[in-house]
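Here's an informal walk through one protein model and its ligand. Have the sequence and the 3D view open as you read.

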Amino acid sequence: MRNDTYDIIIVGAGPTGATCAKILADNGLSVLVVEKCKLPRYKSCSGMIIAKTAGLVKEYFDVEIPDGVKCTPYDNYGMVFVNDDGKEYKFEQRGFNVWRSEFDNFLLSKAKESGAEVIDGVSVIGCEDLGDCVEVTLSDRDMGKKRVKYLIDCEGAMGVLKRKLLNCDKDFIVTYQAFYDGKINLDPHYFYAYLQPQFSEYDAWFNVKDGMLVLGVAAERNSISKIKEYNDNFIKYMQSDHGLKIDKKIKEEKWIMPHIRRDFNIDYGNGRVFFAGEVAGFLNPMGEGISCGMESGYHLAKAISENLKAPQKILTAYQQYTTDLKAYMQRQWNLVSIMSKR
Ligand SMILES: Cc1cc2nc3c(=O)[nH]c(=O)nc-3n(C[C@H](O)[C@H](O)[C@H](O)COP(=O)(O)OP(=O)(O)OC[C@H]3O[C@@H](n4cnc5c(N)ncnc54)[C@H](O)[C@@H]3O)c2cc1C
């Protein structure tokens, strides 16, 4: 039977929201996760679980990632970067290859086991910080408005709620990836990222999922019309330099990702409304966002659990706990900037 009162509402059932929900529930707080999509929800993603992410799953959820959420090849051996001038850099690191719908749903199931409640197919469409609580408006009128101690926004890239709250503009890039039947002379155990400007304003990528070849490109939202040109250039390059042969296009998808800037600014939130994960700005260069989503969600949950009655202390603790994460993101940037001039 669903509770009608909660300490905390979490917006979004991605890895950030699931981690946050699990830790809060483990600390005895009543938590409702509100997910606008029907679960398990689809998320366009390369599904690369780096070693750090696998370690966080073990640390926060006390489980190994099960084979049931993985796709072939199960093991990822690392990343190969090709810079603006075509120079190759190989980073060996053991990780996994997953389907996001299964992986995210697995994390959420662990949060539920800890006592978090989840509703899907319902959006958080607004909230008002009333000082001693937050009034949250849900898209389902029958559920009415809910008053909680804190609202945690983990809504991911689009950030509709955040933009409403902060009255800020969208700042994102558009990703396009297509899945093909075919052949290529590249090792399917690696994730390949190409930084040449003729393929993308960001990076172009190649990886393999359950036998399908996945090729993707990205563009700033103002030059979305160039996606086709970038993709055509990238396919031609992969055909000429890596023996790509396409038998059939299986599916294609466009998505968005926040514009990752080197001088990343994190929006932590304030009062009784906090942000975590991608919507807060926690995202590594090259778009690796699962680990920093989970880590920021964990730190925010810890800060709230330790300072439940003191919103200002929560903010200070959250900022302090994420200092190492920000330093890690900065080191990732430094590494990428050694490889690429752009
Ligand atoms: C093409 C592509 C490839 C990527 N590849 C990788 C990769 O290989 N490895 C990696 O680590 N990262 C990758 N990323 C980044 C990664 O997907 C994100 O950083 C990560 O999903 C962020 O997690 P999150 O929980 O913060 O947000 P999300 O996973 O986006 O979850 C947010 C959830 O909130 C829900 N939501 C939004 N608004 C509302 C609302 N108002 N009410 C209720 N629910 C709402 C959404 O439906 C969604 O389920 C990739 C991204 C893209 C676009």
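## An exposed loop residue

Let's start at N167, which counts as exposed because its relative accessibility is 72%, and the cut-off for exposed is over 50%. Keep in mind that this is a predicted model. You'll find N167 in the loop between α4 (160-166) and β11 (172-183). Its backbone is worth a look too: phi of N167 is near 55 degrees, a positive value in a residue other than glycine. For context, most residues other than glycine have a negative phi.

## A buried one with positive phi

M286 also has a positive phi, near 70 degrees, and again this is a residue other than glycine. M286 sits in the loop between β17 (273-275) and α6 (290-306). Buried or exposed, then, for M286? M286 counts as buried, because its relative accessibility is 17% and buried means under 20%.

## Two cis peptide bonds

Next, the peptide bonds. Most of these are trans. In this model, though, L39 and P40 are joined by a cis peptide bond, with omega at about 0 degrees. P40 has its place in the loop between β2 and β3 (48-49).

T72 and P73 are joined by a cis peptide bond as well, and here omega is about -10 degrees. As for P73, look in strand β4, which covers residues 70-82.

## Who surrounds the ligand

Now for the ligand. There are 34 residues around it, and the ones that come nearest are T16, E35, R41, R100 and E278. Sorted by class, the shell has 14 nonpolar, 12 polar and eight charged residues.

A few polar atom pairs are handy to check in your viewer. The side chain of T16 puts an N or O atom 2.8 Å from an oxygen atom of the ligand. E288 has a polar side-chain atom 3.0 Å from a ligand oxygen. With K36 the backbone does the job: one of its N or O atoms lies 3.0 Å from a nitrogen atom of the ligand. How much of the ligand does the protein bury? On its own the ligand exposes 1,000 Å², and the protein buries 94% of that. Elements that give two or more residues to the shell are α1 (15-26), β2 (31-35) and β15 (245-258).

## Two domains, one shell

The domain assignment splits the protein into domain 1 (8-73 + 99-168 + 262-339) and domain 2 (172-258). Their C-alpha centres lie 28 Å apart. The contact between them takes 17 residues from domain 1 and 22 residues from domain 2.

Which domains feed the shell around the ligand? Domain 1 and domain 2 each supply at least three residues.

## A lysine under cover

One last stop: K22, which lies in helix α1. That's a helix you've already met, as α1 gives two or more residues to the ligand shell. K22 is buried, because its relative accessible area is 10%, and the limit for buried is under 20%.

So what does K22 touch, leaving out residues up to four places away in sequence? The partners of K22 are Y60, F61, K110, A111 and S114. Another lysine, K110, is on that list.

Terms used
Residues are numbered from 1 along each chain as its sequence is written. This is a predicted model: local features need pLDDT of at least 70, side-chain atom pairs count only at pLDDT 80 or more; totals for chains, interfaces and linings use all residues. Side-chain values use heavy atoms; hydrogens and water are left out. A residue is near a molecule or strand if one of its heavy atoms lies within 4 Å of it. A polar contact is a pair of N or O atoms within 3.5 Å; within protein, one must be able to donate a hydrogen and the other to accept it, and residues adjacent in sequence count only if both atoms are side-chain atoms. Accessible areas come from the Shrake-Rupley method with a 1.4 Å probe; for residues, only the protein chains shown count as cover. Helices (H or I, at least four residues) and strands (E, at least two) are DSSP runs, numbered from the N terminus. Ala, Val, Leu, Ile, Met, Phe, Trp, Tyr, Cys and Pro count as nonpolar, Asp, Glu, Lys and Arg as charged, and the others, Gly among them, as polar. Domain bounds come from an automatic or database domain assignment. Buried means under 20% relative accessible area, exposed over 50%, partly exposed in between (1.4 Å probe, protein chains only). Contact means heavy atoms within 4.5 Å.
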